[in-house]
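Please look over the model shown here before reading the report that accompanies it.

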Amino acid sequence: MAQAVVGRSALLDAGWAALAGGGRVLLEGAAGIGKTAVWRALVDRAEAAGSTVLSCAPTESEADLPLAALADVLRPLAPHVDALPPPQRRAVAAVLLSGETDGEVDERALAAGVRTALEAAGERVLVAVDDVQWLDLPSERALRFALRRTAAAVLLARRPAADDPLGLPDPVRLEVPPMGVGELHHLLRERLGTALPRPLLARVARDSGGNPLLALEITRALHRLPRLPRTGEDLPVAASVQELLSQRVAALPGPVRDAVRLAALLAVPTARDLLAAGVDQDALDQAEESGLLVAHPDTVAFAHPLYAATVRSGVPPGVRRGLHRRLADVVADPDERARQLAGATTGPDPDVADELARAARRHRDRGAPETAAGLWDRAAALHPSSQAAVTHRLAAERARFDSGDYAGAEAGAADLAASCDGPDRAEALLLLGEIRHAADDLDGAVAAALEGLESCPPDSVLAGRIHAHLAVFDVRPEAAGEHARRGSALLSADPAHRPLASATLLMEFYNDLRAGNAPRAELLTRALSLEDPEPSRLAATVPAIYWKAVDDHDLARARLTTLLDQAVARGDEPAQHDLHTHLGEAEISAGRYTAAADHLRLAHDLGTQLGTGLVGENWLLGVLAAHQGNLTEADRVARAGLTEAAATGDIWSARIHHLLAAFTAFSATRPAEAATHYTALAEAVDALGLKEPLSLRFEADWAEACIAAGDLDGATTALARLTARHTRLPRPWTTLGLARVRALLAAAQGQDPTPALDALTAARDSIPPAVVPLDRARCLLTTGIVLRRTRKRTAARTALTAAEAEFTTLGATAFTARAQSEAARLGIKPAGGTNTTLSPTETRVAHLAAAGRTNRAIAEELFLSPKTVEANLARIYRKLGITTRAQLGAAMTSYPDS
């Protein structure tokens with residue numbers, strides 16, 4: 001079932017919603033589109049829900065076998081046959097004894113018997129027929145009669161047609177659509193255990209028309225090749241499809257066959273170009289009559305996307321070169337002319353190579369790097385100059401990297417570096433470092449860039465560019481800062497490298513901060529003044545990272561959104577992935593969890609397709625889960641991340657997952673465990689010489705965990721670190737964190753907490769409500785805790801009620817539960833003295849709902865009606881002081897699941 005639902009979740013939900021209410025659902029889609037997979041998944045879900053499923057899946061060869069399909073449908077109802085009236089019993093028994101009944105069957109008695117048997121099967125019955133178009137006529141007539149007269153749910157699947165099958169009035173029609181690139185990626189991973197580079201995957205999606213069956217066949221054929229095809233090279237076509245279509249094309253008259261072949265060789269075939277290439281209108285008309293082409297007002301298209309690739313693959317090489325030459329001489333578009341010249345040319349030709357390179361640059365500028373890569377590959381192959389060929393190869397690998405083909409670009413850059421020396425080798429190694437950095441191989445990125453430095457003059461602009469990248473690759477602030485300064489010195493004098501010089505200034509500013517120095521605002525201002533409208537990608541996110549760190553949510557969001565728009569415009573998917581990740585983290589800090597989830601989902605999907613390793617994406621999804629109260633999921637992500645980091649020696653991954661593990665344990669009121677992880681995180685930060693870990697906010701929670709665990713010395717240590725960070729760079733989260741810790745520590749040490757609480761209130765009031773809203777709400781929680789401990793019950797009640805309201809608004813479920821737990825320790829009761837204790841039934845209903853069960857599923861498991869379940873949930877929400885099912889998980893932590 002896991003395989004069946006790839007990319008079809010929304011469709012399955014819509015189908016199940018209709019079937020669960022006793023509806024009739026019709027799935028429609030082209031052959032191979034995956035409707036059978038959806039049909040089977042819905043059948044599985046119905047069986048899991050306890051329905052009696054009566055199903056059949058006739059094939060074309062069974063359409064002439066009378067009553068074969070009906071026998072499959074009726075087989076589960078065999079125990080009810082003896083109770084049927086005699087004529088009906090004989091008719092139904094005859095069908096069950098043999099789907100190929102030799103004797104005559106009274107069709108009226110059979111139809112009535114089917115209806116009676118369906119009614120005897122109970123209230124929860126699903127009749128499911130796949131490929132309903134292949135039903136034999138006697139089965140179709142019996143089912144048509146019975147289904148129009150019973151309340152059974154019905155699920156049918158077929159290819160598109162105009163009529164309503166089985167005469168069902170107004171079925172819920174659900175079209176099974178083609179799969180997109182992301183959905184096909186997951187399908188191929190699950191079915192074939194393989195992944196394709198993003199650009200190649202996009203071509204498979206295009207050539208298959210999103211049809212999963214065709215996509216699977218094309219991918220299987222791809223993996224039988226000695227190497228994967230590059231841009232401009234045709235994809236293989238499934239042998240059966242190719243054979244059938246080749247026969248059709250071979251049967252066409254010569255002029256018509258030429259018309260079809262010429263159309264297949266054009267990126268966008270138009271009547272103008274085909275007529276200019278010598279195709280007459282009559283040949284075009286015959287090609288359309290053959291069912292291969294479809295004429296539109298301005299263009300000519302193939303009836304199916306796969307047809308063009310199939311036709312191209314069947315053109316003999318010599319004939320194909322001649323056709324390319326005919327087209328190159330007449331097409332008006334310069335990019336199309338370059339493509340045709342590439343196909344027509346076999347030997348070295350500098351003029352053709354230069355024209356291809358110009359076309360590649362145009363495609364790159366238009367945001368089509370995958371197409372540009374293929375054109376540069378061809379230009380390199382055709383250019384007689386070895387130096388020009390190296391330049392084109394380097395451009396091709398960079399475009400391949402920008403398109404998201406990390407594996408292909410890395411292999412190409414490594415191969416180029418091995419075959420060159422001097423500056424060319426340094427350029428290839430620099431590109432190799434960029435690719436590895438994007439894939440989270442930080443050590444590999446530094447190694448490649450340092451090796452590149454050895455291959456170029458030490459005082460050259462190229463050396464400056466490599467230093468600039470090392471300032472990003474190296475995680476050690478002192479080393480990275482030195483690279484930034486050296487890069488800036490080598491680049492700042494050359495106006496042509498002003499954008500990169502701006503990046504080095506940004507990295508100098510950034511690494512100064514990380515090394516524990518006060519922020520040098522003049523560096524940031526100067527760097528921003530040197531930027532082009534589209535900043536250098538190398539350090540473009542640094543200002544946003546800084547603004548995130550100082551809680552300027554609006555500035556960070558605006559910068560990142562602008563960069564994202566630019567990345568989308570140029571088709572730069574690696575940059576889009578990075579920017580969605582940053583935006584997700586920014587929105588978590590801003591308390592905008594829905595927006596964060598949207599960005600992180602997109603980042604994860606792109607990361608999966610790009611092959612990033614998903615370390616950062618999974619971590620941030622875990623952070624979001626912790627903030628929203630899904631502590632089980634957050635804990636799972638943290639433990640998996642720490643295990644993987646220990647196995648690989650990834651220090652960065654270890655740091656961030658210690659942070660997640662600590663925050664999760666802290667949120668789940670396991671303070672000693674949280675303090676242990678915070679201690680490990682602090683040691684890892686110190687080992688790097690990282691005085692200011694901008695995105696790692698942990699000292700305030702570390703101190704609070706230590707206080708809760710009774711370790712006041714540990715709390716004092718954490719408070720001292722937080723004080724130092726605040727002194728270097730005051731910001732809202734440090735302001736509020738200091739105030740919270742001081743109030744809690746004063747109460748724990750037996751001091752009068754009143755001055756600290758006054759300072760906490762003032763700190764909260766100084767921060768606008770839209771800035772770090774979770775931290776502001778936690779100030780109220782801290783106030784309530786301290787006031788409760790000092791027996792100021794009324795004031796504590798007011799603070800905790802306000803905290804709960806703010807946590808609920810944010811969706812911070814774990815902290816909502818904390819506030820409710822603290823309030824319960826005061827003995828707070830809802831207005832009117834309503835009982836807040838859940839009954840055994842309410843407890844069971846609440847646990848099942850928190851586990852994701854629907855009201856109907858809960859009703860079935862507990863032998864209740866759905867309305868009773870709804871009433872129980874209403875009482876549960878009222879007693880627990882919550883408003884949504886999403887809050888149940890955290891709220892039920894104090895109620896054991898019996």
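The report below moves from the chain as a whole to its nonpolar cores.

The model is a predicted one, and its chain has 45 helices and seven strands. Along the principal axes, the C-alpha atoms occupy a box of roughly 95 × 85 × 45 Å. Of the 898 residues, 53% count as buried, and among contacts with a separation of 6 or more, 65% are made by residues 24 or more positions apart. The accessible surface of the chain comes to about 38,000 Å², with 53% of that area belonging to carbon and sulfur atoms. As for charge, the chain carries 96 positive and 112 negative charges, whose mean positions lie 5 Å apart.

Two separate nonpolar cores can be set side by side.

| Core | Residues in core | Members, among them |
|---|---|---|
| Largest | 78 residues | Leu660, Tyr678, Phe698, Leu781, Phe807, Phe815 |
| Second | 40 residues | Ala449, Ala471, Leu506, Leu538 |

In the largest core, the six residues named in the table, Leu660, Tyr678, Phe698, Leu781, Phe807 and Phe815, are those that touch the most other members. Helix α37, which spans residues 732-748, supplies the largest share of this core, with nine residues.

Which residues are in contact with phenylalanine 815, leaving aside its neighbours within four places in sequence? Phe815 is in contact with Phe663, Phe666 and Ser667, with Leu774, Arg778 and Leu781, and with Phe807. Two of these partners, Leu781 and Phe807, are themselves listed with Phe815 among the core residues that touch the most other members.

Technical notes:
Residues are numbered from 1 along each chain as its sequence is written. This is a predicted model: local features need pLDDT of at least 70, side-chain atom pairs count only at pLDDT 80 or more; totals for chains, interfaces and linings use all residues. Side-chain values use heavy atoms; hydrogens and water are left out. A nonpolar core is a set of buried Ala, Val, Leu, Ile, Met, Phe, Trp, Tyr and Cys residues joined through side-chain atoms within 4.5 Å. Buried means under 20% relative accessible area, exposed over 50%, partly exposed in between (1.4 Å probe, protein chains only). Helices (H or I, at least four residues) and strands (E, at least two) are DSSP runs, numbered from the N terminus. Contact means heavy atoms within 4.5 Å. Accessible areas come from the Shrake-Rupley method with a 1.4 Å probe; for residues, only the protein chains shown count as cover. Lys and Arg count as positive and Asp and Glu as negative; His and the chain ends are not counted. The place of a charge is taken as NZ of Lys, CZ of Arg, CG of Asp or CD of Glu.
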